[in-house]
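Reader: Could you take me through one part of this model closely? I would like to look at the charged side-chain pairs and how far I can trust the regions around them.

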Amino acid sequence: MVWMKKAASKKQQSSTTLMDVKSDQNLLQRTVLFPNGDKYTGEWLDNKKHGRGTQVWKKSGAVYSGEWKHGKPDGYGTYSVLLPETKVYATKYCGDWKNGQKHGNGTYVYSNSAVYEGLWIEDRRAGWGKMNYENGDVYEGEWVKDKCHGRGIIRYANGNWYEGGWREGKKNGRGKVYFPDNGQLYEGLWVDGDAKCGTLSDFEGDETAKFPQLVDAQSVLEEALATFGAEEQ
């Protein structure tokens, strides 16, 4: 388990064995250098990382500091990486872990301007979360298997925003798009990211216009409703 450059004497071996036993029973703090250069400092139980501790991976320079359970990150912890340009550590993920995976509430930093805050299940975004994209768009809503799925709102960098249904990362079902600069609102039905039929109206007016222009809007509506099941009319 511990890499030692010199062979230990019998007295040292006895001390090490005794320390292992105490560590197994009492979660003592230990520093372990592995043959590949990785380093762990923290608590142990049954010769496994268990409790609070910090792991440094020599090859990548990454660091995890937080709670462990039976040798894997489990509980609350922070994972950081070493930036090659500046040689400064930057936090990539801070939050809950389970069995070595992001699981629960947490924040993941993709880049300086792309950040996700919300729920995770088995290393993927799932549940309710907020994603700030590099282009300035912001999505807040439901996620399933790392994709927008369910109900959600996306605010575009140009000031417009969409509120409605999503499926596998695309607008699906009923939704609304607001155009604040024009004072207009589009309400309609989406299929795989495309608006199929709906109405465009002014915020302070009763006049409406069909958008987009469809040859047979009713058939498109029936097809979309059949795709998504019984949605309210």
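Author: Happy to! One cut-off helps before we start: a residue is called buried under 20% relative accessible area and exposed over 50%, with partly exposed in between. Lysine 176, at 32% relative accessibility, therefore counts as partly exposed. Please keep in mind that this is a predicted model.

Lysine 176 is a good place to begin, since its side chain meets that of glutamate 187 in a salt bridge, at 4.0 Å from N to O. The two partners come from distant parts of the chain: glutamate 187 sits in strand E14 (residues 184-191) and lysine 176 in strand E13 (residues 170-179), 11 residues apart. Glutamate 187 has a relative accessibility of 34%, so this residue is partly exposed too.

Searching the whole structure gives three salt bridges, so let us turn to the others. In one of them, aspartate 123 pairs with lysine 102, and their closest N and O atoms are 3.1 Å apart. Aspartate 123 belongs to the loop between strand E8 (115-121) and strand E9 (124-132), while lysine 102 belongs to strand E7 (residues 101-109), so the bridge ties together parts that lie 21 residues apart in sequence. The partners fall into separate accessibility classes: aspartate 123 is partly exposed at 31%, whereas lysine 102 is buried at 13%.

Another bridge joins aspartate 146 to arginine 125, with 2.8 Å between the closest N and O atoms. Here aspartate 146 lies in the loop between strand E10 (138-144) and strand E11 (147-155), and arginine 125 lies in strand E9, so this pair also ties together parts 21 residues apart in sequence. Aspartate 146 is partly exposed, with a relative accessibility of 29%, and arginine 125 is buried, with 11%.

Now to your point about trust. The chain has a mean pLDDT of 82, and 76% of its residues reach 70 or more. Confidence is highest in strand E4 (residues 63-69), with a mean of 98, and lowest in strand E16 (residues 208-210), with a mean of 37. Two stretches call for care. Residues 1-25 stay under 50 in pLDDT, and the model gives them 28 contacts beyond four places in sequence. Residues 205-217 are also below 50, with 20 contacts beyond near neighbours in sequence. Where pLDDT is low, predicted coordinates should not be read in detail.

Notes:
Residues are numbered from 1 along each chain as its sequence is written. This is a predicted model: local features need pLDDT of at least 70, side-chain atom pairs count only at pLDDT 80 or more; totals for chains, interfaces and linings use all residues. Side-chain values use heavy atoms; hydrogens and water are left out. Helices (H or I, at least four residues) and strands (E, at least two) are DSSP runs, numbered from the N terminus. Buried means under 20% relative accessible area, exposed over 50%, partly exposed in between (1.4 Å probe, protein chains only). pLDDT is the predictor's confidence in each residue, from 0 to 100. Contact means heavy atoms within 4.5 Å.
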